[in-house]
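Trainee: Could you take a close look with me at one helix and the charged side chains around it? I would love to hear how the pieces fit together.

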Amino acid sequence: MHKFIVSTQSRYPTSIKKIKDHLAACLKELKVNYDVEISVTIVGDRKMRELNRKYREKDKTTNVLSFPAAESKEGIAFPLKVDPEHTFLGEILVSYPQALAEAATENKMVDRKILELLEHGLLHLLGHHHPEN
């Protein structure tokens, strides 16, 4: 069974159950057949900008950041075994204000947008990357 550690503040209302259920469904669809642990944090723009500046050297906020627990080569992730039962894939952070703004622009519910951003972050944890510009 997968383990999801989700943290958010009350000013960023989102369904932790929806997040966990959606990530479990994504992992099933992606045929991840080993038990994983993923940390998810919903943050504000100030924190997201700080992390983006620190780790990506981009002084602006962004909608999602992912921090894989292990490096990958050619789309193949090498996850980290943290305990006998779970493999830690890493952490996904979503900016609630960015998700809210994008949801409004795309005429979507904010919860739906957050789930889309989590899918994107999950793919990064599994070793998928953007093509080089």
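Mentor: Happy to! Let me start with a term: a salt bridge here is a side-chain nitrogen of Lys or Arg within 4 Å of a carboxyl oxygen of Asp or Glu. Keep in mind that this is a predicted model. By that cut-off, E116 and K108 form a salt bridge, with N and O 2.8 Å apart. Neither partner is buried: E116 is partly exposed at 24% relative accessible area, and K108 is partly exposed at 31%.

E116 also takes part in a second pairing, this time with R112, where the closest N and O atoms are 3.8 Å apart. Both R112 and E116 sit in helix α4, 4 residues apart, or about one turn of the helix. That spacing makes sense, because an α-helix has 3.6 residues a turn, so residues three or four places apart point the same way. R112 counts as partly exposed too, at 36% relative accessibility.

These pairs belong to something wider: a network of salt bridges links E102, E106, K108, R112, K113, E116 and E119. One of its members, E102, brings us to helix α3, which spans residues 96-105.

Let us walk along α3 from its start. At the N-terminal end, S95 acts as a cap, with a side-chain oxygen 3.2 Å from the backbone nitrogen of Q98. Within the helix, Y96, A99, E102 and A103 are buried. These four lie on the same side of α3, because they cover an arc of only 130 degrees around the axis. So E102 is both a buried residue of α3 and a member of the salt-bridge network.

What does the buried side pack against? The buried residues of α3 pack against β2 (36-43), β7 (87-95) and α4 (110-125). On the face turned away from that side, we find the exposed residues A104 and T105. After α3 comes N107, whose phi is positive, near 55 degrees.

Back in α4, there is one more charged pair to look at. D111 forms a salt bridge with K18, and the closest N and O atoms are 3.6 Å apart. D111 lies in α4 and K18 in helix α1 (residues 16-29), so this pair ties together parts that are 93 residues apart in sequence. K18 counts as partly exposed, at 45% relative accessibility.

For the wider setting, a search of the whole structure finds 13 salt bridges.

Technical notes
Residues are numbered from 1 along each chain as its sequence is written. This is a predicted model: local features need pLDDT of at least 70, side-chain atom pairs count only at pLDDT 80 or more; totals for chains, interfaces and linings use all residues. Side-chain values use heavy atoms; hydrogens and water are left out. Buried means under 20% relative accessible area, exposed over 50%, partly exposed in between (1.4 Å probe, protein chains only). Helices (H or I, at least four residues) and strands (E, at least two) are DSSP runs, numbered from the N terminus. The arc is that of the directions from the helix axis to the C-beta atoms. Contact means heavy atoms within 4.5 Å. A polar contact is a pair of N or O atoms within 3.5 Å; within protein, one must be able to donate a hydrogen and the other to accept it, and residues adjacent in sequence count only if both atoms are side-chain atoms.
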